[in-house]
Amino acid sequence: MRIKDESLVRGLLVPNMGRLRLPDSLYADIARTGALLRGHFALQSGHHSEYFLRFSQLGWDAEALTNIAQLLLEQPPFRVNEPTFLCSEAAGLFLGSAIARRWTGSKLAVLKMDARKRPTEVLREGVLTPGGDVVVVDDVVTQGRSLETFLKQAQMAEARVQGVLTFAVLKPDEFKARLHAAELSAGWLLEARWPTHPAAECPLCEQDAADLPLPAFELI
């Protein structure tokens, strides 16, 4: 079910604590496009969730996508000169392309995805220059496991990952821990207020064992 109630969107998605108040138009765009879904979902991380943020719904909306890219570029938590923005196919490509178009002198590199819509170590387009600056762009992050694939790709090319930009984070504490371990800074707009659960502890599964979760990769 698409959540069209803007007040409910505001209650479930809150601003990144490190940012100023986000514009009302962002929440209006999420509600208008139906990007926030309610149901029973199996996330790429292996966790289950009652809600799912489908960034592609925003990505297909040119005005909403432009606004999101601009918000992320207003106060990036790192300094880079003519970076290569590294993203993956599907929804991540929407955001990566929008950001690259607005950063003077930047380039775009795109990783192929596997059958379950997870980034691989194969470049679909673009190049990473040895010694060049790289910024990883992702649409929605749960706890940041996919970050390892992006970092490995940059390492193979002897490029320097300077930071990460993402629209929303579902488990910010875990994501921050991964960033700290990799000595990286990141900027994001929204954080989820709903819990995710390991599959074995999912309350939705306990309520109705016949209600199988919808795999998130089918929605990307």
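1. Let's start with a single arginine. R118 has a relative accessibility of 37%, so this residue counts as partly exposed. Please keep in mind as you read on that the model is predicted.

2. What does R118 pair with? R118 forms a salt bridge with D114, and their closest N and O atoms are 3.1 Å apart. The partner, D114, is partly exposed as well, with a relative accessible area of 27%. A helpful idea to carry along is that side chains of opposite charge can pair when their charged atoms come close.

3. How many salt bridges does the structure hold? There are twelve. Some of them share partners, and in this way E6, R10 and D24 are joined into one network.

4. Now look at D61 and R32, which form a salt bridge with their closest N and O atoms 2.7 Å apart. This pair links distant parts of the chain: R32 belongs to helix α2 (residues 24–33), D61 sits in the loop between α3 and α4 (62–74), and the two are 29 residues apart. Are the two ends buried or exposed? D61 has 16% relative accessibility, and buried means under 20%, so D61 counts as buried. R32, at 43%, counts as partly exposed.

5. Another salt bridge worth finding on your screen joins E89 to R124, where the closest N and O atoms are 3.5 Å apart. E89 lies in the loop between β4 (84–88) and α5, while R124 is in strand β6 (residues 119–125), so the pair ties together parts that are 35 residues apart in sequence. R124 is partly exposed, with a relative accessible area of 37%.

6. On to the cysteines. How many disulfides does the structure hold? The count is zero. C202 makes a good example: the nearest cysteine sulfur is that of C205, 3.7 Å away, and C202 is in no disulfide. The cut-off for a disulfide is a pair of sulfur atoms within 2.5 Å, so this distance does not qualify. C202 is buried, with a relative accessible area of 2%. C87 is buried too, with a value of 0%.

7. Next come the open spaces. The largest pocket has a volume of about 580 Å³. It is lined by 33 residues, and those closest to its centre are Q44, D138, V140, T142 and S146. If you colour the lining by residue type, you should find 16 nonpolar, ten polar and seven charged residues.

8. Which elements build the lining of the largest pocket? At least two residues each come from β3 (47–53), α3 (55–59), α5 (91–101), β7 (133–141) and α6 (147–156). The largest share, four residues, is supplied by β7.

9. Finally, there is an enclosed space to look for. The count comes to one cavity of 30 Å³ or more, and the largest cavity has a volume of about 50 Å³. Its lining is made up of V136, D138, V141, G144, S146, L147, F150, V164 and F175. Here β7 and α6 are the elements that give two or more residues, and β7 gives the most, with three. By type, the lining of this cavity divides into six nonpolar, two polar and one charged residue.

10. One thing to try while the structure is open: find D138 and S146, which are among the residues closest to the centre of the largest pocket. D138 and S146 also appear in the lining of the largest cavity.

Technical notes
Residues are numbered from 1 along each chain as its sequence is written. This is a predicted model: local features need pLDDT of at least 70, side-chain atom pairs count only at pLDDT 80 or more; totals for chains, interfaces and linings use all residues. Side-chain values use heavy atoms; hydrogens and water are left out. On a 1 Å grid over the protein atoms alone, a cavity is a set of points where a 1.4 Å probe fits but cannot get out, and a pocket is an open set with protein on both sides within 12 Å along at least five of seven lines; lining residues have an atom within 4 Å of a point. Grid points are joined across faces, edges and corners, and a volume is the space filled by probe spheres set on the points. Ala, Val, Leu, Ile, Met, Phe, Trp, Tyr, Cys and Pro count as nonpolar, Asp, Glu, Lys and Arg as charged, and the others, Gly among them, as polar. A salt bridge is a side-chain nitrogen of Lys or Arg within 4 Å of a carboxyl oxygen of Asp or Glu. Buried means under 20% relative accessible area, exposed over 50%, partly exposed in between (1.4 Å probe, protein chains only).
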